[in-house]
Amino acid sequence: DPSRETLAQFLHRWMETVQKHQVRACTYEEYAKMIRIAPTLGPIRLDKLQLAHLQALCATKLQQGLSANTVRIIHAILRKALAQGVKWGLLARNPAEAVDRPRIQRRDMPTLSVEEVQAFLAAAKEDRLYALYVLAITTGMRQGELLGLRWEDVDLKAGRLYVRRQLVWLRYAEPALSEPKTAKGRRTVELPGLAVEALRQHRKQQAKERLLAGPAWQDWGLVFTTRLGTPIHPSNLRTRSFQPLLKKAGLPLIRFHDLRHTHASLLLAAGVHPKLVQERLGHATVGITLDVYSHTVPPLHRQVVGIVEGLLKSGTAE
């Protein structure tokens, strides 16, 4: 009876009848994960759900240690679901619309300096995934894009690659290759000579591993694989390769994603136009690039001061 449906029952119905057919599998799984984080409101009847319930949920989750960003995501999913309840005539209004969301505290993004990048690559030189780290630092590609890169998308002769897919690991499911989230995510990335040479050596190494594996080799066509040709799981990459290399290089533990931040920050600090950085990173808009990285590049602000001063001096001289 929809009139006696609880929030938990409604969310399950919404996920199965609407979201499963509208969003990608990885997005669906993320929605389900966030809903599992907020089970306390589940027994409440949908028609009895009030703004105070949702506001208290946000406060409780913050007290439990969840970040403001995670709480905002939970709220966004509930708001989207309850909007569907209004469309279905189960609610007169959406109580999530008036919730005061927590402010996001901008955190400094850890990045590596040029000297630290050199130290890290020196430590990774003999690692079988050396080319992966070279690409991460010199292209700013996302981890999923790197792990989902196939040889058919790499043109070593021309010195470029094409980002057409990403590797997605789903809960209780086999890994899968999916398209980038946005149209800008599909892009052409020019490669420096260092990356081209690293990929050439990596291809030779992979050919040897394929021979050693024999019939056990599983051909996914991927550039970066396990020793049996299968996709690399992000947690294995982090614990078995990336973190040990950081320790070997004497560097602080950072996320793999911070290599992407490093790439963008180094380009912007060198004066590369933000539009070019946006296209290289695959951001949907240049506004995202500026919002994420502008505060991390003081040299750009000093450059602006110099330009303004030069203009004023020129005008005074005339």
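Helix H1 (residues 7-17) and helix H2 (residues 25-37) make a good starting point: their axes come within 11 Å and cross at roughly 175 degrees. Helices here are DSSP runs of H or I with at least four residues, strands are runs of E with at least two, and both are numbered from the N terminus. The axes are lines fitted to C-alpha atoms, for helices over the stretch in contact, with angles running from 0 to 180 degrees between N-to-C directions. This is a predicted model, in which local features need pLDDT of at least 70 and side-chain atom pairs count only at pLDDT 80 or more, while totals for chains, interfaces and linings use all residues. Residues are numbered from 1 along each chain as its sequence is written, and side-chain values use heavy atoms, with hydrogens and water left out.

Back to the helices: H1 and H2 are roughly antiparallel to each other, because angles over 145 degrees count that way (under 35 is roughly parallel, 65 to 115 roughly perpendicular, and the rest oblique). On the H1 side, the contact (heavy atoms within 4.5 Å) is made by Leu11, Trp14, Met15 and Glu16, and on the H2 side by Tyr28, Tyr31, Ala32 and Ile35.

Next come the aromatic rings. Rings of Phe, Tyr and Trp (its six-membered ring) pair if their centres lie within 6.5 Å; planes under 30 degrees apart count as stacked, over 60 as edge-to-face and the rest as tilted. That rule gives 7 aromatic pairs. In one of them, Phe120 and Tyr133 sit edge-to-face, 5.3 Å centre to centre with 85 degrees between the planes. Phe120 belongs to helix H5 (residues 114-124) and Tyr133 to helix H6 (residues 130-139), so this pair ties together parts that are 13 residues apart in sequence. Phe120 is buried at 0% relative accessibility, and Tyr133 is buried at 0% too; buried means under 20% relative accessible area, exposed over 50%, and partly exposed in between (1.4 Å probe, protein chains only).

Phe242 and Phe256 also pair edge-to-face, with ring centres 5.5 Å apart and planes at 65 degrees. Phe242 lies in helix H9 (residues 234-248), whereas Phe256 is in the loop between H9 and helix H10 (257-269), so the pair links parts 14 residues apart in sequence. Phe242 is buried at 1% relative accessibility, and Phe256 is buried at 9%. Phe120, Tyr133, Phe242 and Phe256 form one aromatic cluster.
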